[in-house]
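User: Please take a close look at one part of this model, the end of the sheet in the second chain, and then work outward from there. I would like one connected account.

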Amino acid sequence: MSTSIEVWIAALLTLGILSFLYKDNPFYKVSESIFIGVSAAYWFVYMIYNVIKPNLIVNLRMGQWWYAFAGILGIMMLLRLVPKIGWLSRWAVAFMIGTGAGLNFIVYLQSNVMKQIKGTLVPLNSIGNIVMIVGVVTGLIYFFFSAEHKGLFGGAAKVGIWFIMVSFGASFGYTVMARISLLIGRMHFLFSDWLRLLH
Amino acid sequence: MRILEKTMVLDRRIIFLLIAVAVVVPLFIPFHLKMHPTPASQGLYDAVEKLSKGSTVIISGEYDPGTAPEIQPMVKGALKHCFRKGIKVILMGLWPQGPALEAQALQEVLEETEFEEMNLQYGQDYVNLGYKAGGQVVIQSMGTSIPATFPTDMAGTPIEELSLMKEIRNFDDITFILDFSAGDPGTPFWVMFAHDRFHVPMASGCTAVSAPMLYPYLQTGQLAGLLGGLKGAADYEWLTKSPGTGIQYMPSQSIAHLVIVIFIILGNIAFFVTRKKGER
């Protein structure tokens, strides 16, 4: 068994969180509260030393005064905590949305629309290509609501639903895999690092 | 019939217990599973394999301790693969905890005898630039100037003092990008900016949850390869002949999946049988 106090704390908190699977209990509540409190404090300090200091303070000290605008926008964002002048935070939000949209718009269109359309324009010379094209076309038909889903159009929409269901199933399968992987990681920690029963 | 009826009202804690047993027992009684790497995993391996000695690769970490069981084995695999091929590595991250976890993976790799003997030097064979806030803006900025985006490394050393970084100006000097991502900001931004805008070839390793969203990039060739979740990590370990936690966890993963599949089938049979009975 480990003699490290850090490992013991981590192990007991892991058990505390997992105990919720049995039922809600004080041990879980304490672990959850510790997690929230420690996370908030950690992120607060981390952001000061890794975001505000290197990106703002250091640049201002180097005489790059135009970084003060970014600082002012940051303060304006926090002003939503003061109801009387909270409206000023909208300017900072507007700036972020404007730059974000401008930066992303063309690139997003190029990478996620144009390239994907190009990637779908393939010859019908393999089962994989045929399945992909049928899936894309019928999936799009399903999301076309300007015409009633009846007759041939309705049939194609139904095929589209099947493709969408298969993709949901694949996503669910991957999600299960991810959650089980995390559980394995925690179990390995408990039996290896804490109890030292595994090598 | 009564068994099926009981399945419908089964206490969920029994399922939790069975999943726990399915996960823990294979950790104690490991068994060998033959790996069959997916074409997506093979694509990433082949892309790195094609890089020549002296190439410079960026390994970016967008993950945290919560997703480390899936991503950390991939990062270790990538570091081993690159070092064996004499590729220079630039570590960085768009998530605050990514570079710290990458540093941990690097430390574990360097402590292995094979890599200890290579006498790899910080600043010459590899560097860790640390975390930079800003997501896509950081990638965009790196396309113009990497030294301006990262004036210092993770430890605060000025970038001009690191010999590896002396010849690196922007993405033109980067041969390949390996992005290990657990969410946003992550692989989609690297694809949009580094690959599509600055034309740097890249591949990705991601959590299983994000994999379905990234497969379209593989189909279009925007990604050379993709490691999806723990299976992807195990594939990569198998391909690089460096068994680690990816391969070690696969028996637990497989048995747990089997238990879940059995419960899904049983649940559905029970649902349809009891519904039919109710209709009568």
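Analyst: In this predicted model, Cys206(B) has Gly228(B) as its bridge partner in strand S6 of chain B. That pair belongs to the contact between S6(B) and strand S5 (residues 202-206) of chain B, two parallel strands joined by three bridges. Helix H11 (residues 211-219) of chain B packs on the sheet here, touching S5 and S6 of chain B, and its direction makes about 165 degrees with that of S6(B). Another helix, H3 (residues 39-49) of chain B, lies across strand S4 (176-181), S5 and S6 of chain B, and runs at about 135 degrees to S6(B).

The sheet as a whole is open and has six strands in the order S3-S2-S1-S4-S5-S6 (chain B), paired in parallel. Strand S3 (126-131) and strand S6 (226-228) of chain B each have a single partner strand, so both stand at the edges with one side left without a neighbour in the sheet. From one strand to the next, the twist averages 15 degrees. Strands of a sheet pair through backbone hydrogen bonds.

Away from the edges, strand S1 (residues 56-62) of chain B is largely enclosed by the rest of the structure, because six of its seven residues are buried. Five bridges join S1(B) to strand S2 (residues 88-93) of chain B, and the two run parallel. Within this pairing, Ser60(B) stands opposite Met92(B) of S2(B).

The sheet also supplies residues to the largest nonpolar core. This core has 84 residues, and those that touch the most other members are Leu79(B), Val89(B), Leu91(B), Ile177(B), Met202(B), Leu223(B) and Leu226(B). Helix H4 (68-84) of chain B gives the most to the core, with eight residues. At least three core residues come from each of domain 1 (2-30 + 253-279) and domain 2 (39-243) of chain B. In soluble globular proteins, nonpolar side chains tend to be buried together. Leu91(B) shows what surrounds one such core residue: leaving out residues up to four places away in sequence, Leu91(B) touches Ile59(B), Pro99(B), Glu102(B), Leu106(B), Tyr126(B), Val127(B), Asn128(B) and Leu129(B).

Chain B has 13 helices and six strands. Its C-alpha trace spans about 80 × 40 × 30 Å along the principal axes. The centres of domain 1 and domain 2 of chain B, taken over C-alpha atoms, are separated by 39 Å. Of the 280 residues of chain B, 46% count as buried. Among its contacts between residues at least 6 apart in sequence, 73% join residues at least 24 apart.

Next comes the side of chain B that touches chain A. There, 38 residues of chain B are in contact with 34 residues of chain A. H11(B), which packs on the sheet and touches S5 and S6, is one of the elements that give two or more residues to this side, and others include helix H2 (12-28), helix H7 (136-144) and helix H12 (229-239) of chain B. Helix H13 (245-279) of chain B is also among these elements, and H13(B) gives the most, with six residues. By type, the residues on this side of chain B divide into 21 nonpolar, twelve polar and five charged.

Helix H7 of chain B contains Gly143(B). With 19 other C-beta atoms within 10 Å, Gly143(B) is partly exposed; a count of 20 or more would make a residue buried. Leaving out residues up to four places away in sequence, Gly143(B) touches Asn170(B), Phe171(B), Phe193(B), Arg197(B) and Phe198(B).

A few backbone details remain. The peptide bond from Asp184(B) to Pro185(B) is cis, with omega near -5 degrees, and Pro185(B) sits in the loop between S4 and H10 of chain B. Lys241(B), in the loop between H12 and H13 of chain B, has a positive phi near 55 degrees although it is a residue other than glycine. Lys241(B) counts as exposed, with 9 C-beta neighbours inside 10 Å. In chain A, Arg196(A) has a positive phi of about 55 degrees and is not a glycine. Arg196(A) lies in the segment after helix H6 (151-194) of chain A and counts as exposed, with 12 C-beta neighbours inside 10 Å.

Key
Residues numbered from 1 in each chain as written. Chains lettered and ligands numbered in written order. Predicted model: local features only at pLDDT ≥ 70, side-chain atom pairs only at ≥ 80, totals over all residues. Pairing = 2+ DSSP bridges. Helix = DSSP H or I, 4+ residues; strand = E, 2+ residues; numbered from the N terminus. Axes fitted to C-alpha atoms, helices over the stretch in contact; angles between N-to-C directions. Contact = placed C-beta atoms within 7 Å. Nonpolar A, V, L, I, M, F, W, Y, C, P; charged D, E, K, R; others polar. Core = buried A, V, L, I, M, F, W, Y, C linked by C-beta atoms within 7 Å. Domains from an automatic or database assignment.
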